[in-house]
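Good morning, everyone, and thank you for making room for me on the agenda. Please take a moment with the sequence and the model before I begin to talk through them.

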Amino acid sequence: MLISHDWLRALVPHRRSPEEVRDLISAHVATVDRMERLRGDLRDVVVGRVVQAGRHPNADTLWVTKVDDGSGTLLDVVCGAPVVTVGTLYPFARAGTVLPGGVRLEKRKIRGETSNGMLCSARELGLGADHSGIMALEIDVPPGTSFLEAVDVADVQFDVDVLPNRPDLLSHAGLARELSALTSVAVAIPPELTDLRDIPLQMPVVGAREATSGGITVRVEDLDGCPHYMGVVIRGVTVGPSPDWLVRRLESVGVRSISNVVDATNYMLHGYGQPMHAFDATRLAGNTIVVRTPRAGERLVTLDGVDRALGARMTVIADAERAIGLGGVMGGQNSEVSESTTDLFLEVAYFDPHRIRATRRALGLSTDASYRFERGIDPAATASTLELAAGLVMKVAGGAVDGAPIYVGREFVAPAAVTLRTARAQRLLGDDVPADEMVRLLTSVGFRVQQAEGQLHVMPPSWRNDVSRDADLVEEVARLRGYGVLSDDVSPFRPGTVPDHPLHLLGRRVRDLLVGDGLAEVRPLPFVRGEDETHVRVANPIAEDEPHLRRSLLETLGRRAEVNLSRMQGDVRLFEVGSAFTPRPGGLPLEEVRVGALIMGRRRPPHFTEPEPPAFDAWDAKALAIRIAEVAFPGEAVSLEAGDDRRSWVIGVGPVKRRVGVAGPLALDRPPWAAEAWGVEVTLDVMPNAFVAPAGSHAHAAPGVVRRAHVRYRSLPTTPAAEVDLALLVPDAVPAADVERVVRDAGGDLLERVVLFDEYRGEGLPAGTRSLGWRLTFRDPVRTLRDKEIEGRRQKILRSLENELGVRPRITA
Amino acid sequence: MASRITTLEAFNAELERIQARAQGLVPEAGDAAALEAARVELVGRESGALTALGTSLGSLPKEQRREAGQGFNLVRTAVEAALEAARARLAAASGTGALADPTMPPRTSWRGSRHPVSIVLDELEDIFRELGFTIALGPEAEHEWYNFGALNFPADHPAMDLHDTLYLGAGTLHHGDHAISLLRTHTSPVQVRTLQSYAPPIRILAPGTVYRRDFFDATHAPAFAQLEGLAIDEGISFADLKATLTLFARRFYGAGTRTRFGPSYFPFTEPSAQMEVEVDLGDGRGNRWLEIMGCGLVHPAVLESAGIDSERYSGWAFGMGPGRIAMSRYGITDIRLLYDSDVRFLEQFAAC
């Protein structure tokens with residue numbers, strides 16, 4: 001919302017600087033996002049000090065001066081003014097500056113003397129007609145200061161971020177109301193409106209459905225869409241250009257002048273927040289205005305030239321034959337005011353916010369009018385606005401009111417009174433605001449307050465449709481008083497009843513593991529191109545080529561790796577802890593929090609001792625899978641079952657090998673130079689998303705306590721271990737895991753560790769076999785094992801291997 | 001072995017040869033590779049001389065085996081002890097020995113990194129933990145009621161326009177229908193789920209990803225991190241909110257950091273406020289005010305949505321964007337860098 005400092009000052013004649021106004025509004029009303037001096041054409045003009053001046057050697061009327069423009073170098077400047085005073089500050093335009101009117105100053109020689117710029121007169125800056133001399137500045141700022149900042153010559157524009165709850169702030173008068181309360185300066189009639197013709201409008205002709213005045217009949221058929229409709233006829237206007245003051249007012253809020261009549265309505269919109277419309281009264285068929293819903297198939301060409309199909313929930317303004325405007329949104333071309341217009345019908349109405357919102361959304365057409373109606377304008381202000389508007393039109397376009405205004409519609413319903421208990425307000429604010437102070441603050445912005453024992457009965461003003469319960473009044477008191485007055489001392493607090501979510505703790509543990517392992521955490525967008533059968537679809541996706549949510553974190557990690565490859569980055573190690581989504585019929589998708597990891601490229605950075613480190617391979621992926629699963633499921637056994645491709649695995653945990661994830665190669669769009677990518681994904685847990693309790697109620701049963709499994713410490717051994725190595729000839733068809741199982745079974749309780757330390761294939765071995773080297777560690781917890789005992793176990797293991805798997809020792813020597 | 005040893009004399013001769021060889025080889029080994037070669041030659045599992053000799057014990061006459069075995073064990077023990085001593089000697093030497101050129105680069109391993117947004121989230125979490133907050137989580141795919149209805153969003157109101165929503169499913173949308181599912185537009189649904197689940201006092205922090213139907217450009221992303229805080233108990237006031245968040249700001253941005261609070265609007269808080277901090281971002285522009293969070297007293301309608309007595313309990317909530325904070329802190333000017341996952345970007349945060 002653009003607000004002009006001058007316009008605001010016309011409504012509240014305060015003496016504050018623009019900075020003070022900005023800070024007051026931001027602290028108490030709404031954030032001022034931006035503050036900008038208008039007259040951007042003077043942006044490059046600075047304040048310069050003449051430090052030396054002498055007569056021009058070749059011209060009697062010229063001066064040769066040296067000017068300090070703050071740059072550190074004194075500039076030679078030739079000046080033609082009658083008087084130049086050394087030590088005085090002047091507006092200074094350096095060479096290169098474009099002056100108002102578009103003239104670009106160049107460095108040039110004037111009668112043989114160089115001039116690097118110009119000391120300016122008021123007229124040269126477009127600040128008046130004074131051309132008698134350069135503009136001596138009676139201020140104290142360092143040379144080089146921006147002229148606009150230093151001298152209050154231009155209006156200032158504020159961009160105020162008005163949030164949806166405060167439509168009453170969408171005008172200068174609305175903000176003036178607040179500024180008046182904050183500065184204790186009463187709201188005034190702006191100078192441009194003080195001389196409005198002193199002819200008050202007559203009492204309106206009122207009808208519940210229909211009324212006639214000034215030769216025009218108004219009938220409202222759609223009272224739901226338009227509960228309040230007012231209008232007045234003005235005859236004998238002359239449409240033409242607006243006076244300068246009106247052009248400037250509109251320019252100050254970024255609105256272009258169109259004609260005196262249209263500008264007057266725009267003035268009312270920006271000045272008073274009332275969108276209005278002027279129809280050419282002579283173009284109304286049947287001298288009738290009908291406010292109704294559209295007929296089936298009805299169309300309207302709006303003022304922007306678009307031919308629009310009208311829908312059932314819209315409200316149209318029509319004459320006896322056809323639609324002539326889209327109520328509350330935009331007028332129609334067929335009734336537009338033109339240069340030949342002499343008679344006007346001025347409309348001031350209140351349209352239903354929901355209906356306007358539906359219309360705006362259906363047509364994709366948002367206007368200054370729809371923006372305000374959708375949020376809700378002051379329904380009680382129609383009469384006063386119409387009177388002001390009629391006066392303004394007559395002032396700028398001439399003409400006279402024909403007859404009394406017309407009012408058709410429902411009676412205005414005042415907002416309900418709200419009770420505020422003063423003790424509750426004090427408790428909620430943590431601030432002992434006296435009741436009298438509350439009354440003063442509320443009254444200052446238009447609330448009517450009745451004080452009773454311990455409470456206030458508060459009548460909100462008609463423009464405050466956002467106030468309906470006591471909390472709203474607490475906010476009014478707090479913001480008007482200022483949040484700054486509240487204490488910064490932290491009060492004691494009781495600890496909460498909510499335990500940490502286990503998934504958060506788990507996610508952090510997994511993340512610490514993977515960061516330690518040299519992977520980089522990522523947080524990519526979760527949108528992918530999937531299939532409707534397998535993926536959750538976004539109904540209104542941002543990009544049509546990625547309309548689904550990922551089902552697996554590896555989908556997005558793979559795409560991220562490809563982006564890195566496209567940027568010639570082949571060493572990619574990424575992970576994410578995030579949500580994956582699976583469609584579920586008739587409700588929210590299944591949402592699982594997972595950890596995904598991707599490794600690709602060299603296993604270590606190159607070093608002069610190892611210039612070409614090997615690339616990550618399947619064994620790294622398998623190891624990563626086990627590490628992640630062990631951290632994610634502490635105390636549970638982790639097992640990996642190979643898939644049919646024999647290079648990927650399903651990760652299982654616990655005695656039943658509950659499936660928690662996968663590990664294996666990733667299919668990527670990969671240039672020839674890039675190494676193979678490997679992925680691991682582990683599901684940490686399901687994120688519950690069912691209703692906790694019905695709307696409006698509490699579950700009254702806290703979720704069960706989650707018990708974590710902990711590792712159990714085993715006492716450290718006090719006896720020596722004995723190691724035995726087995727070199728076994730293992731047929732390719734026999735998996736190493738089977739060998740290990742048989743070794744463990746046959747080895748008995750004292751077999752502490754079994755490690756596969758070697759694999760050999762090739763020469764000297766029967767076809768279809770390999771040699772596997774195992775190191776077995778035996779230990780008895782209470783005594784030293786004898787060689788004979790170990791040898792016995794070795795023999796037993798070898799027998800079992802031969803009997804169960806047909807595996808024999810490899811004979812050497 | 002070229003020939004099979006069948007007599008004690010031959011056995012002892014070979015044993016002596018090996019012992020002598022070991023006495024020459026092991027102390028001479030100047031580095032780990034030489035020592036390993038010596039180990040393999042002497043006691044290697046496949047071709048070691050002692051290993052081979054050991055297998056021939058069984059070929060000796062039965063009455064000589066005991067004597068041969070005793071000698072063999074003595075030698076084997078001595079050789080293994082010598083190897084072990086040499087290993088220790090070399091290990092010690094490598095720790096104190098001078099390098100030929102110490103300026104050469106060290107051997108490194110890949111360094112992992114937390115995402116810059118996570119670094120900020122972790123720091124925020126740590127500060128609020130000291131103030132008694134624990135972590136609550138909730139789903140990203142939500143019911144419309146948790147995202148809007150329970151949070152006092154007026155149906156069909158411009159307030160909804162601030163939350164341009166991504167809806168789930170292929171069908172048509174019916175606004176106000178409780179069955180509608182969507183991607184949460186803020187972490188505030190976690191407030192409602194927590195309020196429905198636990199009895200006050202409640203002090204939680206809810207970090208998570210939220211979604212808005214924003215186009216992906218340098219300053220907007222359709223999904224981003226948010227951190228929500230909620231404190232509910234008897235007698236909690238707006239002054240508590242201001243004091244707690246000011247304390248937080250001074251922890252996060254440094255002691256003495258100035259804060260200011262101005263009015264704002266969220267359907268689920270009343271009064272609503274925004275907090276600004278005065279910071280120098282190190283970009284040469286000096287101190288300036290930065291809006292870092294929205295906050296307010298929890299609207300009584302929200303407590304009522306969760307079946308909590310709004311007369312007895314009150315509380316406050318805040319929400320902030322760790323992504324924006326990370327961008328301002330690290331000087332990141334294009335938000336897309338946070339999502340691209342370019343390893344050259346990510347590795348810059350390895351030391352953070």
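How much area does chain B expose, and what share of it do carbon and sulfur atoms supply? Chain B exposes about 14900 Å², and carbon and sulfur atoms supply 52% of that area, where accessible areas come from the Shrake-Rupley method with a 1.4 Å probe and, for residues, only the protein chains shown count as cover.

Before going further, I should say that this is a predicted model, in which local features need pLDDT of at least 70 and side-chain atom pairs count only at pLDDT 80 or more, while totals for chains, interfaces and linings use all residues. Residues are numbered from 1 along each chain as its sequence is written, chains are lettered from A and ligands numbered from 1 in the order in which they are written, and side-chain values use heavy atoms, with hydrogens and water left out.

Let me stay with chain B for a moment. Its secondary structure comes to 12 helices and nine strands, both being DSSP runs numbered from the N terminus, with at least four residues of H or I for a helix and at least two of E for a strand. The radius of gyration of chain B is 36 Å, well over the 20 Å that the globule rule gives for 352 residues, so chain B is more spread out than a compact globule; the radius is taken over C-alpha atoms, and the rule is 2.2 Å times the number of residues to the power 0.38. Along its principal axes, the C-alpha trace of chain B spans about 105 × 50 × 45 Å. Buried residues make up 55% of the 352 residues in chain B, where buried means under 20% relative accessible area, exposed means over 50%, and partly exposed lies in between (1.4 Å probe, protein chains only).

Turning to chain A, we find 17 helices and 39 strands. The radius of gyration of chain A is 42 Å, well over the 28 Å from the globule rule for 813 residues, so this chain too is more spread out than a compact globule. Its C-alpha atoms fill a box of roughly 125 × 85 × 60 Å, taken along the principal axes, and 52% of its 813 residues are buried. Chain A exposes about 37700 Å², of which carbon and sulfur atoms supply 50%.

Now to the salt bridges, each a side-chain nitrogen of Lys or Arg within 4 Å of a carboxyl oxygen of Asp or Glu. A search of the whole structure finds 88 of them over all chains. In one of these, A:R249 pairs with A:E192, the closest N and O atoms being 2.7 Å apart. That pair links distant parts of the chain, with A:R249 in helix α5 and A:E192 in the loop between α4 and β11, 57 residues apart. A:R249 is buried, with a relative accessible area of 14%, and A:E192 is buried at 9%.

Is the B:R251 side chain, which meets B:E130 in a salt bridge (2.7 Å, N to O), in a residue that is buried or partly exposed? B:R251 is partly exposed, with a relative accessible area of 44%, whereas B:E130 is exposed, at 55%. Finally, salt bridges that share partners join A:R166, A:D168, A:E178, A:R464, A:D466, A:E476 and A:R479 into one network.
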